[in-house]
2 protein chains.
Amino acid sequence: MNVDLYTNPQEVSDGSLASRTVVVIDALRASTTLVTALANGCREIVPVDTVERAMATRKRIGPQGVLLCGERGGLKIQGFDLGNSPREYLPEVVAGKTLVFTSTNGSRAMVFVRGCHLGLIGAFINAGATARRILSDSAEVAIVCSGRENLLSIEDMTCGGLIVSRLLELRPEAVLNDAARTAHILYEHYAHDLLGLLKTSDHGRHLVEIGFGDDLPFCALIDTTHVVPVIRDSKVVKE
Amino acid sequence: MNVDLYTNPQEVSDGSLASRTVVVIDALRASTTLVTALANGCREIVPVDTVERAMATRKRIGPQGVLLCGERGGLKIQGFDLGNSPREYLPEVVAGKTLVFTSTNGSRAMVFVRGCHLGLIGAFINAGATARRILSDSAEVAIVCSGRENLLSIEDMTCGGLIVSRLLELRPEAVLNDAARTAHILYEHYAHDLLGLLKTSDHGRHLVEIGFGDDLPFCALIDTTHVVPVIRDSKVVKE
């Protein structure tokens with residue numbers, strides 16, 4: 001089994017994901033938020049790339065039972081119901097609801113990987129379950145980090161490295177590309193201080209500055225849920 | 001001082017290098033080859049991005065004292081004088097000569113960074129000297145890895161990490177971006193087995209397959225020369 005990791009969606013060449021199981025990661029915070037939303041009973045999520053498309057989508061399918069969610073610059077978008085803090089996505093807020101979701105990097109990556117064999121969303125909180133779900137299928141694996149404005153994000157890479165680590169526990173013969181190897185080394189380096197890593201990452205420092213420091217301990221939890229969101233027909237659902 | 005590293009030139013946004021000292025790295029093998037060529041007395045190097053441009057450049061400035069050099073797919077290009085093995089660039093071959101050089105990733109990165117404040121070429125063999133040259137100037141630093149067809153190359157990252165390590169010895173207060181931090185962790189991980197890293201990297205395995213395994217120990221040497229090539233007016237020269 002080949003495990004290829006990409007530091008951001010821009011690295012992926014056209015069509016190369018068609019036959020692969022693809023895991024999208026945006027550890028701070030979109031993947032953690034969407035895993036949490038589905039674990040807390042939300043019905044489905046529609047990821048879109050722009051604020052305009054989010055508004056148009058809600059107009060088309062709502063407003064009944066539809067929440068407009070997401071961020072720009074880390075902050076809740078004006079007129080939206082929720083931002084991108086996983087702590088907002090409580091059962092009493094999201095249960096049974098359809099979420100239209102847009103974030104700067106994560107939702108764009110989710111839109112980008114449409115058309116792959118199987119699309120999953122991975123975070124620290126569901127890494128082990130994500131690895132098991134990958135192996136329940138025989139396809140080759142691509143882990144696509146959302147990155148930050150086309151740059152490498154150390155927390156996405158480290159989260160990818162945790163998933164690689166879980167895969168290697170089950171399939172020690174897996175062959176890693178250079179970026180997957182790099183991610184695995186990062187995870188081993190930071191395994192005992194994930195929160196410290198998040199606090200000092202480029203994106204984590206920004207989140208602390210704008211008042212979302214309390215999201216970091218939540219995003220640094222490992223394997224607290226079995227929920228692995230699946231991207232299917234332009235929606236993200238719990239299987 | 002900020003030290004930003006980029007995993008490949010595609011990550012760099014337009015114009016963002018204009019005020020910075022930029023180090024281009026293609027550890028396997030272009031940077032090692034060009035450092036060696038200048039250390040062995042070559043007059044100057046003209047890096048170009050395509051084979052056609054290499055041929056046109058020699059026509060324009062040669063043929064007297066001009067060698068056509070480079071690779072595609074790792075192999076010497078038909079009709080060229082030299083390939084991309086540093087072991088070919090001996091004093092008796094290159095002294096006093098102008099080299100027109102094209103390689104799949106490295107020379108493209110060198111062409112890409114034209115217009116920056118100061119362009120340098122870094123490799124394992126000149127890492128310490130490169131760090132000292134960076135600090136002799138007050139500009140902010142960008143380390144641009146050539147990567148491999150727009151993907152992260154673990155050996156370029158590790159070489160970048162060695163340069164970061166040398167910079168931190170002299171300027172412990174330097175602020176690293178996420179990718180520079182990742183590179184530094186990779187270097188610390190592989191510091192005692194650089195040859196093992198090169199042999200098992202995606203690109204190193206390809207070079208071994210096509211018969212260039214003997215280049216790897218040469219490319220894995222650390223700080224064997226003080227020569228730091230400078231990119232100036234579309235040429236690469238020894239200061």
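Chain A of this predicted model has an average pLDDT of 95, and 100% of its residues score at least 70. For the complex, the predictor gives an ipTM of 0.94 and a pTM of 0.95. Where pLDDT is low, predicted coordinates should not be read in detail.

Within chain A, one place to begin is the pair of helices α5 and α6. Helix α5 of chain A covers residues 127-135, and helix α6 of chain A covers residues 154-170. Their axes lie 9 Å apart and make an angle of about 55°. An angle of this kind makes α5(A) oblique to α6(A), and the crossing of α5(A) past α6(A) is right-handed. On the α5(A) side, the residues that meet the other helix are A:A127, A:G128, A:T130, A:A131, A:I134 and A:L135. On the α6(A) side, they are A:C159, A:L162, A:I163, A:R166, A:L167 and A:L170. Sorted by class, the contact of α5(A) with α6(A) has nine nonpolar residues, two polar and one charged.

In chain B, helices α6 and α7 form another packed pair. The axes of α6(B) and α7(B) are 7 Å apart, at an angle of about 95°. Because the angle falls between 65 and 115 degrees, α6(B) counts as roughly perpendicular to α7(B). From α6(B), the residues in the contact include B:I154, B:M157, B:L162 and B:V164, together with the glycines B:G160 and B:G161. From α7(B), they include B:A180, B:H184, B:L186, B:Y187 and B:Y190. The contact of α6(B) with α7(B) divides into nine nonpolar and six polar residues, with no charged ones.

The next topic is how the chains meet. Their contact takes 19 residues from chain B and 19 residues from chain A. On the side of chain B that touches chain A, the elements giving two or more residues are α6 (154-170) and α7 (178-190) of chain B. Of these, α7(B) gives the most, with seven residues. By class, that side of chain B has seven nonpolar, eight polar and four charged residues.

The last point is how the copies are arranged. Two copies of a chain are related by a rotation about an axis and a shift along it. Here, a turn of 180° and a shift of 0.0 Å along the axis lay chain B on chain A with an RMSD of 0.0 Å. The two copies are therefore related as by a two-fold rotation axis. Of the interface residues of chain B, 100% are also interface residues in chain A, so the copies meet through the same surface.

Notes
Residues are numbered from 1 along each chain as its sequence is written. Chains are lettered from A and ligands numbered from 1 in the order in which they are written. This is a predicted model: local features need pLDDT of at least 70, side-chain atom pairs count only at pLDDT 80 or more; totals for chains, interfaces and linings use all residues. pLDDT is the predictor's confidence in each residue, from 0 to 100. Axes are lines fitted to C-alpha atoms, for helices over the stretch in contact, and angles run from 0 to 180 degrees between N-to-C directions. Helices (H or I, at least four residues) and strands (E, at least two) are DSSP runs, numbered from the N terminus. Angles under 35 degrees count as roughly parallel, over 145 as roughly antiparallel, 65 to 115 as roughly perpendicular and the rest as oblique. A crossing is left-handed if the near helix is turned anticlockwise from the far one by less than a right angle, and right-handed if clockwise. Two residues are in contact if their C-beta atoms, placed from the backbone, lie within 7 Å. Ala, Val, Leu, Ile, Met, Phe, Trp, Tyr, Cys and Pro count as nonpolar, Asp, Glu, Lys and Arg as charged, and the others, Gly among them, as polar. Copies are superposed by least squares on the C-alpha atoms of residues with pLDDT of at least 70 in both.
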